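The points below are meant for a colleague who is opening this structure for the first time. They can be followed alongside the sequence and the coordinates.

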Amino acid sequence: MTSEEWVAVKRKFPHGSTVHGTVDEVAPFGIFISVEGVQLSCAFADVAGMRHGGADGSTVIWPELGEAVTGVVVEHTERNHQLKLHLRRPDRT
């Protein structure tokens, strides 16, 4: 991604904005997400930003490969041009 493209992504998705995307890769430390409406853009949600479940809140809820997710931008990672997200997924039934 060029510098100009990265600046445009940051303008489109400032801190606190909501983004929608699809899980591209699941890793032990977090997940990589393709963001809707942005080419050449990748977002990342680490384990610290994952929603917790269970009665005591100790269960990390991981989305599956290909699953649609929604997140809030908490950081723009300059070194690799990524949006860092905290996920906001609907409860599964």
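1. This is a predicted model, and a convenient place to begin is its strand pairing. S1 and S6 run antiparallel to one another and are joined over five bridges, with Val 19 standing opposite Gly 71 in S6.

2. S6 also pairs with S7, again in the antiparallel sense, and here the pairing extends over six bridges. Within this pairing His 76 faces Leu 83 in S7. The hairpin that S6 and S7 make has four residues between the strands, and in this hairpin His 81 adopts a positive phi near 55°.

3. The largest nonpolar core comes next, and it comprises 16 residues, with Phe 13, Ile 33, Val 35, Leu 83, Leu 85 and Leu 87 having the most contacts inside it. At least two residues of this core come from each of helix H1 (3–12), strand S1 (18–27), strand S2 (30–35), strand S3 (42–46), strand S6 (68–77) and strand S7 (82–87). As a general background to this point, nonpolar side chains in soluble globular proteins tend to be buried together.

4. Leu 83 deserves a closer look as a member of that core. When residues up to four places away in sequence are not counted, Leu 83 touches Trp 6, Val 9, Phe 13, Val 35, Cys 42, Ala 43, Phe 44, Val 73, Glu 75 and His 76.

5. What surrounds His 76, leaving aside its neighbours within four places in sequence? This residue, which is found in strand S6, is in contact with Trp 6, Lys 10, Phe 13, Pro 14, His 15, Gln 82 and Leu 83. His 76 has a relative accessible area of 15% and is therefore buried, the cut-off for that term being under 20%. A polar atom of the side chain of His 76 lies 2.8 Å from the backbone oxygen of Phe 13.

6. The aromatic residues can be taken together. The count of aromatic pairs comes to three. In one of them, the rings of Phe 29 and Phe 32 have centres 6.2 Å apart and planes at 85°, so this pair is edge-to-face. In another, the rings of Phe 29 and Phe 44 have centres 5.9 Å apart and planes at 35°, so that pair is tilted. The pair of Phe 29 and Phe 44 links distant parts of the chain, since Phe 29 sits in the loop between S1 and S2 while Phe 44 belongs to strand S3, 15 residues apart.

7. Phe 29, Phe 32 and Phe 44 form one aromatic cluster, and a reader may ask which of its members are buried and which are partly exposed. Phe 29 counts as partly exposed because its relative accessibility is 48%, whereas Phe 32, at 18%, counts as buried. Phe 44 is likewise buried, its relative accessible area being 13%.

8. The count of salt bridges comes to one. It is formed by Glu 78 and Lys 10, whose closest N and O atoms are 2.9 Å apart. Because Glu 78 lies in the loop between S6 and S7 and Lys 10 in helix H1, the pair ties together parts that are 68 residues apart in sequence. Glu 78 is partly exposed, with a relative accessible area of 43%, and Lys 10, at 23% relative accessibility, also counts as partly exposed.

9. Ser 17, in the loop between H1 and S1, merits a separate remark. Ser 17 is buried, with a relative accessible area of 17%, and a polar atom of its side chain lies 2.7 Å from the backbone oxygen of Pro 14. Not counting residues up to four places away in sequence, Ser 17 touches Gly 71, Val 72 and Val 73.

10. The last point concerns Glu 67, which is found in the loop between strand S5 (59–60) and S6. The side chain of Glu 67 reaches the backbone nitrogen of Glu 64 at 2.8 Å. The C-alpha atoms of Glu 67 and Ile 33 are separated by 9.5 Å, although these residues are 34 residues apart along the chain.

Conventions. Residues are numbered from 1 along each chain as its sequence is written. This is a predicted model: local features need pLDDT of at least 70, side-chain atom pairs count only at pLDDT 80 or more; totals for chains, interfaces and linings use all residues. Side-chain values use heavy atoms; hydrogens and water are left out. A nonpolar core is a set of buried Ala, Val, Leu, Ile, Met, Phe, Trp, Tyr and Cys residues joined through side-chain atoms within 4.5 Å. Buried means under 20% relative accessible area, exposed over 50%, partly exposed in between (1.4 Å probe, protein chains only). Contact means heavy atoms within 4.5 Å. Rings of Phe, Tyr and Trp (its six-membered ring) pair if their centres lie within 6.5 Å; planes under 30 degrees apart count as stacked, over 60 as edge-to-face and the rest as tilted. Two strands pair if DSSP finds at least two bridges between them. A polar contact is a pair of N or O atoms within 3.5 Å; within protein, one must be able to donate a hydrogen and the other to accept it, and residues adjacent in sequence count only if both atoms are side-chain atoms. A salt bridge is a side-chain nitrogen of Lys or Arg within 4 Å of a carboxyl oxygen of Asp or Glu.
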